[in-house]
Amino acid sequence: MEDVCEGKDFSFPSQEETILSYWSKIDAFNGLHERTKNLPEYIFYDGPPFATGLPHYGHLLAGTIKDIVTRYQSMTGHHVTRRFGWDCHGLPVENEIDGKLGIKRRDEILEMGIGKYNEECRSIVTRYVEEWEKIVSRTGRWIDFKNDYKTMDFKYMESVWWVFSQLHQKDLIYKGCKVMPYSTGCKTPLSNFEAGQNYKTVHDPEVMVSFPIVGDADNAAFVAWTTIPWTLPSNLALCVNANFVYLKVRNNYSGKIYVIAESRLSELPTEKPNGDSKKSKSKGDSFEVLDKFSGASLVGKKYEPLFNYFSELSNTAFRVVADNYVTDKSGTGIVHCAPAFGEDDYRVCIGNQIINKGENENLVNAAVDEDGCFTGKITDFSGRYVKDADKDIIEAVKAKGRLVKHGTITHTYPFCWRSETPLIHRAVPSWFVKVEQLKEQLLENNKQTYWVPDYVKDKRFHNWLENARDWAISRSRFWGTPIPVWISEDGKEVEVMDSVEKLERLSGVKIFDLHRHNIDHITIPSYRGPEFGVLRRIDDVFDCWFESGSMPYAYIHYPFENVELFEKNFPGHFVAEGLDQTRGWFYTLMVLSTALFGKPAFRNLICNGLVLADDGKKMSKKLRNYPSPIEDVINHYGADPLRLYLINSPVVRGETLRFKKEGVYGVVKDVFLPWYNAYRFLVQNAKRLEAETSKPFVPMDLSSNLDESSNVLDRWINSATHSLVQFVREEMDKYRLYTVVPYLLKFLDDLTNIYVRFNRKRLKGRTGETDCRTALSTLYHVLLTSCKVMAPFTPFFTELLYQNMRKVLPDGGEESIHFCSFPDLPQERGRDGRIEQSVARMMKIIDLARNIRERHNKPLKAPLREMVVVHPDEEFLGDIAAELREYVLEELNIRDLVTCNDPLKYACLRAEPDYRVLGERLGKSLKEVAKNVKAMSQEDILAFLEAGEVTFVTKSGTAHCLKLSDIKVVREFKRPDGMKDGEIDAAGDGDVLVVLDLRADESLFEAGAAREIVSRIQRLRKKAGLEPTDMVDVYFESLDQDQSLIQQVFNSQESYIKDAIGSSPLLLSSNVMPLHTVVLCQESFQGISNMSFKLSLARPGEETTEITTGKH
C-alpha cells in the first residue's frame, strides 16, 4: 500500500475527481453492466424530469436514493439497467416558449403554425442535458445517459398510443364534458392532482347579492354569497340545502326583506339610518323574522336573473334547486350556480334539468373563451379577462341595487403550477379514463406494494385512491403525443390507432414523426365509401402525466420490442421519487398498470420528503436562499458527505429537511475524517512493519486465522462486522435506508474509538510482530469489509480506500470496489452476541466512571485505586474481570477492578410507575396500582426484574399485569459503612452500576506523575508536526535542585513510559546530547506533579553516526 497524507491535507473534492477519472478510464459503469448481464434482472424505473431547468437538491436526493439501491442490488447479484429519462412534452415546455415568443392567446399559435411552434418547443427540450449529466455524474450516481429515453421519441410515443388503445378496447375511455381546473395562462385544463400543487394565500372579493323572488307577496329576495364575482353573469340557478331551516326577515331600518339560512342570519349586514352611530346589541335589533320554512319548500321557486345574457334559458333556469353540498359553514346557506364554472354547480344543474347534456358544447364556450376572457355574449364585459373584471361586475351589481354586502376574504386559492396564473374552473370537453370504475382494484393493488415510509402508502396514497375521480387525459394543446383517434365527419366511424403500422396501413402514408404537425393532415378513407368522406384526427394531445405513467412500457417500446424482458419482470422492482408524486407519477403508474394488467406497476417504493432552505422556506432561485450544490457544497466538501448528509436525515422518512451547508461539513468532521484516520493508521503501521521486518505486509487469511484470535477486541470487531453485514442486508432488502446509515456511523465510531484506540500498542508493534500482524490484518479486513458495505452509500471514498488496500491482496482484487460482491460472511463463524454486549457494557462502564471523575474533579491523569462493577450477569462480569480488564483499567487509569453480582450491596432499589405509559391504560385504577408499585420491597423488585412482570390486584378485584416497560427501577447508591462523602461515589444507567474509590493514595503518585510526563511528550510531538511512525530521540533535563523525586518516578515507571512513547528510558540530562544533534522542538514545564523539567525532541545530525545512550 502507498503512503497517505494527513487528514488535514486530504481534499475530498479533488480525490473524488481522481476517482471519476479512474472510472472513466476503465469504463466502470459499462463494465459493471457487462459483468452482470447474465444475472437475474432487477427492474428500476427512473421517473423522468424536465430538462428545461437545472437539477436541485430534490433531484439530487432522489437520485442518491436510487443510486444507493441500484448499486446495492448490483452487488447482491442482479443485473440492473439504469437508463435516465426525460419528460419532454407538456405545459412546462409550452409555457416557456409562450414566454419567449410573447404569445398571449391560443389563436396566435395557430397563426404562427403548429409546426413552427412545435419545433420551437423541440429546440429547448434538451437544453440542459449536458449540465444534468455533469451534475448527476459528479454526485457519484451511475446511470446511462447515452441510452436514455425521451417521451418525445418516436418509439416511446408509439407505445403510448398502444396504452391508450388498450384502455379503449377495455371500454375504459370516454369523451365527456366536465368542469375542471383550467389554466388561462396555459390555455388548457389541468388534472385534479396538478391543480393541487400550487396553493397560495390571496385576498379576493366576497359579495352577497340579492335575487328577488318572483311572485313573493312581501317582495322578498334570496341572498347568495360568492368569492368569484366574475361568475355572476353566468348564473342560472340558486341552490339550497333541503334539510336546513330558512328565514324570511325584514331589515328594521331599510325595510328590505331577505331569505337566508337561519344559521347564517348573523352574516347579513345591519343597515341603519344615516347619522345613527349606535351599535345593535344583536341581530334581533336589526331584523324581524317574518317566516320560517324548510329548504325543501323553496325548491322550484323562480327568481329574477341578475343579468340577461342567458334569457333564452328562462323556461328552465333561474329557479331554486336543492343539494347536500350546500353547507352552513360560510356564506348564506344559498349558493349561486354558474354550471360552466363549478363542478357541483354543473352536476346539480344537469340533475335538475336547468341545462341538459345536449347543450353542453354551446354552454362551454358561451361566456368565457380559452384565454379566460369574456366572449361577445357577455356584452358588458366582452374581451375582459375574468379576474380583472371582478371590480366592474361588482359595480354593475351595485348599480342594479342588488349588492347586499361587499368585502374582502383571505383564503388559499389554486394557481397554475407552470404559468403562476390563478386557476378557474371551466366546463370543457375532454377524454377521460374511467378511474372510478377501477377504484376497488386500485386499492387492492396498493396493498400489494411495499412503501417506505409505510404511512404514505396507507394514509396519503390510500386516501387519494379512495377519492379518485375519472382522469381527464386530453389537453387542447400542441406539443405532446397526439391522441390517436380518427373520427368521421358524421361521428359514426371511430378508429383508434394502436401502432404506427396501423395508421400507415389505413392511410397509405409513411410516418416518420408522431407530433401533431406531422400527422394532423393524415386522413383515413371511410370504409363505407367515398361519399362518406374521410376520418380526421381529433385535435387533442395527451396530458404529459399519461405519457410518464406509460413509462414502464414505453421506455422499452413494449409491446413492439422487449416482450420477454417486460413480461418476466413486471411489476418493476423499485421506484423512488418525492412526496409530491403520490398525486403525480406514483398515481398515474398505478392507474395505467391496473387498467392494463390488473397489477401495480411497481413492487417497492421509497418516498422522500421535501428539501427546504435553511429558513424553512421553499428553495428559490429568485430568493437565492440555498447554496449551489456544486460550487458551494460539492466543491468544498465532496459528493459523498452530501450523500450521507441527505440520507441520514428525516427527509428519507418522508419528512422535510432544512438544508444546512454546515451539516455537510459536520459529516466530514464526524464521519469521514475519523474513518480516514483509521485507514491512515493502518497504512502507516503496515509500512512501519514492512520497514522493521523487511517483509511485505500481507493480511492474514480471514477464514483460517483471524476469527480464532486470542485477543478479545479482535473477536469483538470481527463479530461487530458480521453484525454490520447482516443488519445492512436485512434493512436494505426492506429499503429502510434511514436505519442503515445511523448503524453504519455507529460502527465506524466503534472502529475508530474502540478498536483502533484501545489497540494502538498492538497495531504499533509493541506486543510483538505476530500480534502486530494479527491486529493489522484484523483492521485491514474490517476496513475492507466496511468499505464494501458502504460502497453503495459513499462510492468515491470507498473506491479510494479500496484501490490502495487491494494492492496487498494476493490476487489484486477486483478492478473496482463496485465490481465486488456485497459481503456475505458464513454464518458458522458469524456473530458473538455475548462479546458484543460485553464490549458495549464496557464502554458504558467507562462513560459512567468518567462522569464520576468529572463530578469530583479527578482528571484521568490522576490514578485511582479501585473500581467496583456491579451487575447480576456472571458471564459479563467474567468478561470484565478477565479479557476486558486491562482495557478498562488503562482507559480509566485505575489500579484494580472488582466485580460484584449482588445489586443490593451498593444500591437501594426503588420502583416508580411510568405514568405516561400507564395513565391511559389503567384509567381510574392508576392511583391504586401506582401506590402498590411504590410500595414494592427490595425483594419484590428483584423478583420483578427476574420474572419480567408483576401482577397487582385492586380492591375491586381487577388484576393488572405490569411489564418491565411499565415500571422504572431506580438504583440509588448506598455508601458502604465507614466511608465518607467524597471518598466513594457511584453512577449507573439502570443496567450496570460503577463504584469508584476516590480516596487519595500516595502510592499512586508516581504513576500519575509518569502519565503527566508522557502527556507532555505527546503534546510536544504534535507541536513538532511529527507522525506517529516518526522516530525521534527524547531528552529530559530536570530543573529541580532536588532530583530525587524525578529519579524515583523514572525508576518505578520505566516500563510504562517505554510502552507509552515506544522507546528506551529517557535521558536524565541534556548534557549528554551529541554535538551534531538537531533539536526539533523544546519546551520547559513548571510544577507538573511538583516537578519542573525541560523536554527536547531531536534527531541525529549528519555527522552523527551512532548514539549509544538516551535514544527513545
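What percentage of the 1112 residues in the protein is buried? The points below take up this matter and then turn to one sheet and its helices.

1. In this predicted model, buried residues make up 55% of the 1112 residues in the protein. Its exposed surface comes to about 48,400 Å², and carbon and sulfur atoms supply 47% of that area.

2. On overall dimensions, the radius of gyration is 40 Å, whereas a compact globule of 1112 residues would have a value near 32 Å. The C-alpha atoms occupy a box of roughly 120 × 80 × 60 Å along the principal axes. Among contacts with a separation of 6 or more, 76% involve residues 24 or more positions apart.

3. The secondary structure consists of 37 helices and 39 strands. The domain assignment lists, among others, domain 3 (185–271 + 284–428), domain 5 (907–973) and domain 6 (1002–1100). The centres of domain 3 and domain 6, taken over C-alpha atoms, are separated by 93 Å.

4. One open sheet merits closer description. Four strands form it in the order E30-E29-E36-E35, and the pairing is mixed. Strand E30 (894–900) and strand E35 (984–988) each have a single partner strand and stand at the edges, so one side of each is left without a neighbour in the sheet. From one strand to the next, the twist averages 20 degrees.

5. At the E35 edge, five bridges join E35 to strand E36 (residues 993–997), and the two run antiparallel. One of the bridge pairs is formed by Ala 987 with Val 994 of E36.

6. Two helices are to be noted against this sheet. Helix H30 (residues 833–855) lies across strand E29 (864–870), E30, E35 and E36, and runs at about 135 degrees to E35. Helix H32 (residues 885–892) also packs on the sheet, where it touches E29 and E30. The direction of H32 makes about 130 degrees with that of E30.

7. Which residues of H32 are buried? They are Tyr 887, Val 888, Leu 889, Glu 891 and Leu 892; a glutamate is thus listed together with Tyr 887 and Val 888. An α-helix has 3.6 residues a turn, so residues three or four places apart point the same way. The cover over the buried residues of H32 includes E29, E30 and H30, together with helix H25 (712–733) and helix H26 (737–758).

8. Beyond the end of H32 comes Asn 893, which has a positive phi near 55 degrees. Strand E30 spans 894–900.

Note on methods: Residues are numbered from 1 along each chain as its sequence is written. This is a predicted model: local features need pLDDT of at least 70, side-chain atom pairs count only at pLDDT 80 or more; totals for chains, interfaces and linings use all residues. Side-chain values use heavy atoms; hydrogens and water are left out. Two strands pair if DSSP finds at least two bridges between them. Axes are lines fitted to C-alpha atoms, for helices over the stretch in contact, and angles run from 0 to 180 degrees between N-to-C directions. Contact means heavy atoms within 4.5 Å. Domain bounds come from an automatic or database domain assignment. The radius of gyration is taken over C-alpha atoms; the globule rule is 2.2 Å times the number of residues to the power 0.38. Buried means under 20% relative accessible area, exposed over 50%, partly exposed in between (1.4 Å probe, protein chains only). Accessible areas come from the Shrake-Rupley method with a 1.4 Å probe; for residues, only the protein chains shown count as cover.
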